[in-house]
Amino acid sequence: MPLGRRQVLVAGSLTAAAGALGAATAHATGHGGETKSLEQLYREAKAEGGSLIVYAGGDTATQQDGNKAAFEKAFPGITLDIVVDYSKFHDARIDNQLATDALVPDVVQLQTLQDFPRWKREGVLRCYKPAGFSRVHPAFKDPDGAWTGIFVDAFSTIYNVDKAGATAPASARDLLDPRWKGKIVSTFPNDDDAVLYLYKVIVDKYGWDWLRRFVAQDIAWVRGTQEPADRVEAGTAAVALGTDGMLTPADGVRTRFVLPKNDPFMAWAQRAAIFKNAKHPAAAKLYLNWWLDKQTQSDFYMWSVRTDVAPHTGYRPIWDYPNAHVNGFDTFMADRALVERFRQQLTLYVGEVTGAPSPGWLGLHPGRR
């Protein structure tokens, strides 16, 4: 079974995350936020009923299973239901649920960064600062605690070590080499705004002719960013553009993430927020505190949002890479006219999105009990 993206733990083990509770119960770790320990928050969540519903941006129904298992192992008796769908479907779904007084999730975590300031203005988010909030990089949080980043994701190129060998592509220009023709898979960039932004920064650097030549490489276009990662890991594609990978690959993993030296790539903090009318506010607070706990942040397979958590060996903090554009994606997402103009121009090269969405069609109220 391919290793799922957006899992908490670098090596797929749940031991460290399950131990986060014990590590944090000895004393409060507020640092400008929540002063209750995880143990206290855990007791309150159990007393509340022991349930939590999260709407998470992602690509497949099982993509968050590792996070669910880690959380439930750390906090026995708490049932975490994570509903995974494309962020662009979840935000529309949430807006409809709010308009019809039928809100399902307690917590939302999405890549549609532009929604969170709007939801704050509309008064539907709970201003709450988890423990360690002051240690979260300033670019990755709302100053009033309406939302906070919980992990950093980055999109670039990945490759299979067996298929690419010593001549793995190191830049977007390298992907134009004839040796990669018919061997590249990519998410439809006009289907996913994070992938769209990656293509935007590449086109800004290399021009539209790069995209014309790239498309001529007989790209396998798919929906969702999990499928390209799975194909590269399985060796059915040599290279993927527009997905992520482990910074420190676990034993047996054949995929390598390309961190460009000079080429642009893109990174952002996935934002999470608690709804003001959440049915399980205590469990929601526990969830955000668990995510920002130093142990959980250390175990995440890419970068931490916290300034006091060391990056994986061989890497610098993500905000130290100017070519990561950590502020650019937020700006891009907020300018919907720019997003749509670029999407439509790019579609002229790539073609319309085809195929069913990789998470399936979930309807209006997935997760409702």
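D101 is exposed in this predicted model, with a relative accessible area of 73%, where over 50% counts as exposed. This residue sits in the loop between α5 (87-99) and β3 (107-110). Its backbone has a phi near 55°, a positive value in a residue other than glycine.

H325 also has a positive phi, about 55°, and is not a glycine. The loop that holds H325 runs between α12 (294-299) and α13 (328-334). H325 is partly exposed, with a relative accessible area of 27%.

From these loops we turn to a helix. Helix α9 spans residues 208-215, and its buried residues are W210, L211 and F214. Seen down the axis of α9, these buried residues fall within an arc of 100°, so they line one face of the helix. A general rule helps here: an α-helix has 3.6 residues a turn, so residues three or four places apart point the same way.

What lies over the buried residues of α9? The elements that cover them include the helices α8 (193-206) and α14 (336-350). Strands are also among them, including β5 (184-187), β6 (220-222) and β7 (239-243).

Of these elements, α8 can be followed further. The axes of α8 and α9 come within 6 Å and cross at roughly 115°. On the α8 side, the residues in contact are Y199, I202, V203 and Y206. They meet W208, W210, L211 and F214 of α9. By class, this contact has eight nonpolar residues, no polar ones and no charged ones. W210, L211 and F214, the buried residues of α9, thus take part in the contact with α8.

Methods. Residues numbered from 1 in each chain as written. Predicted model: local features only at pLDDT ≥ 70, side-chain atom pairs only at ≥ 80, totals over all residues. Heavy atoms only, no water. Buried < 20%, exposed > 50% of the residue type's maximum accessible area, 1.4 Å probe, protein only. Helix = DSSP H or I, 4+ residues; strand = E, 2+ residues; numbered from the N terminus. Arc of directions from axis to C-beta. Contact = heavy atoms within 4.5 Å. Axes fitted to C-alpha atoms, helices over the stretch in contact; angles between N-to-C directions. Nonpolar A, V, L, I, M, F, W, Y, C, P; charged D, E, K, R; others polar.
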